Amino acid sequence: MAEGVFRRMTKADTRVDAIDSAGTGAYHEGCAPDPRTMTVLANNGETEYGHTARKVRSSDFRDFDYILAMDGENLHDLTRSQRQIVKNSGADAAPAKLMLFGDFGGRKGEEVIDPYYGARDGFTIAYEQMTRFTRGFIEEVLSGIDTTREA
């Protein structure tokens with residue numbers, strides 16, 4: 001869901017190049033989004049989202065400027081993975097900035113409550129969080145990016 005919301009909110013933003021979503025575990029690898037995710041996205045005007053779940057790859061730490069974790073456990077796992085990549089291959093192999101996405105929602109340390117096993121309103125709450133977090137990320141991080149320089 002986070003990817004769908006982020007894509008919609010940054011669609012015309014030239015500061016955003018590549019967006020992808022991946023999990024720290026391979027629980028749903030190869031699967032489409034939960035139908036409740038798709039319903040909430042459609043109810044909020046996002047009808048073109050498609051995604052196949054995958055696990056985070058080592059190359060993600062090189063290929064993306066930012067990796068946004070949904071909760072503290074994921075941030076911990078991502079940090080550990082990044083440290084291992086740097087130890088094995090050097091800092092140039094994993095320059096991505098790791099951040100807790102919820103830090104951009106107005107409440108530092110806020111975590112996304114996984115709606116997967118809950119009722120539909122959990123997906124609505126997650127959508128609201130993703131919208132708030134994306135808006136904050138745009139204001140706090142992207143506002144400092146100079147679009148006139150070559151990336």
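This is a short talk on the aromatic pairs, strands and nonpolar cores of one chain.

A word first on what we are looking at. The model is predicted.

Let's start with the rings. How many aromatic pairs does a search of the whole structure find? Five. Take tyrosine 66 and phenylalanine 137. Their ring centres are 5.4 Å apart and their planes stand at 85°, so this pair is edge-to-face. The cut-off for that label is over 60 degrees. Now look at where the two partners sit. Tyrosine 66 is in strand β1, residues 66-69, and phenylalanine 137 is in helix α5, residues 120-140. That is 71 residues apart, so the pair links distant parts of the chain.

Buried or exposed? Take phenylalanine 137. Its relative accessibility is 3%, and it counts as buried. Tyrosine 66 is partly exposed, because its relative accessible area is 23% and buried means under 20%.

Next pair. Phenylalanine 101 and phenylalanine 133 are also edge-to-face, with 5.4 Å from centre to centre and 70° between the planes. Phenylalanine 101 lies in the loop between β2 (97-100) and α5. Phenylalanine 133 is in helix α5 itself, 32 residues away in the chain. Again, distant parts of the chain are linked. Both of these phenylalanines are buried.

Put the pairs together and a cluster appears. Ring pairs join Phe6, Tyr66, Phe101, Phe104, Phe133 and Phe137.

Two rings have a charge over the face. Lysine 108 lies over phenylalanine 104, at 5.9 Å from the ring centre. Arginine 36 does so over tyrosine 116, also at 5.9 Å from the ring centre.

On to the strands. In which sense do β1 and β2 pair, parallel or antiparallel? Parallel, over four bridges. Alanine 69 stands opposite leucine 100 in β2. Helix α4, residues 72-89, completes a β-α-β unit with β1 and β2, and the unit is right-handed. β1 has two faces to look at. Ile67 and Ala69 make up the covered face. Tyr66 and Leu68 make up the uncovered one.

Now the cores. In soluble globular proteins, nonpolar side chains tend to be buried together. Here, the largest nonpolar core has 22 residues. Which members touch the most others? Met1, Phe101, Met130 and Phe137. The elements giving two or more residues to this core are α1 (2-9), α2 and α5. α5 gives the most, with seven residues.

Stay with phenylalanine 101 for a moment. Leave out residues up to four places away in sequence. Phenylalanine 101 then touches Ala2, Phe6, Leu68, Ala69, Met70, Met130, Phe133, Thr134 and Phe137. Phe133 is its ring partner, and Phe6 and Phe137 belong to the ring cluster.

There is a second, separate core of eight residues. Among its members are Ala69, Leu78, Ala93 and Ala94. Recall that Ala69 is on the covered face of β1.

Last stop, serine 58. Where does serine 58 lie? In the loop between α2 (35-43) and α3 (60-63). With a relative accessible area of 49%, serine 58 is partly exposed, because the exposed class begins over 50%. Setting aside neighbours within four places in sequence, serine 58 is in contact with Ile85 and Ala93. Ala93 is one of the residues in the second core. Proline 115 is another matter: serine 58 is 57 residues from it in sequence and 27 Å from it in space, C-alpha to C-alpha.

That's the tour.

How values were computed. Residues numbered from 1 in each chain as written. Predicted model: local features only at pLDDT ≥ 70, side-chain atom pairs only at ≥ 80, totals over all residues. Heavy atoms only, no water. Phe/Tyr/Trp six-rings, centres within 6.5 Å; stacked < 30°, edge-to-face > 60°. Buried < 20%, exposed > 50% of the residue type's maximum accessible area, 1.4 Å probe, protein only. Lys NZ or Arg CZ within 6 Å of the ring centre and 35° of its normal. Pairing = 2+ DSSP bridges. Right-handed = clockwise from strand over helix to strand, strands pointing away. Contact = heavy atoms within 4.5 Å. Core = buried A, V, L, I, M, F, W, Y, C linked by side-chain atoms within 4.5 Å.
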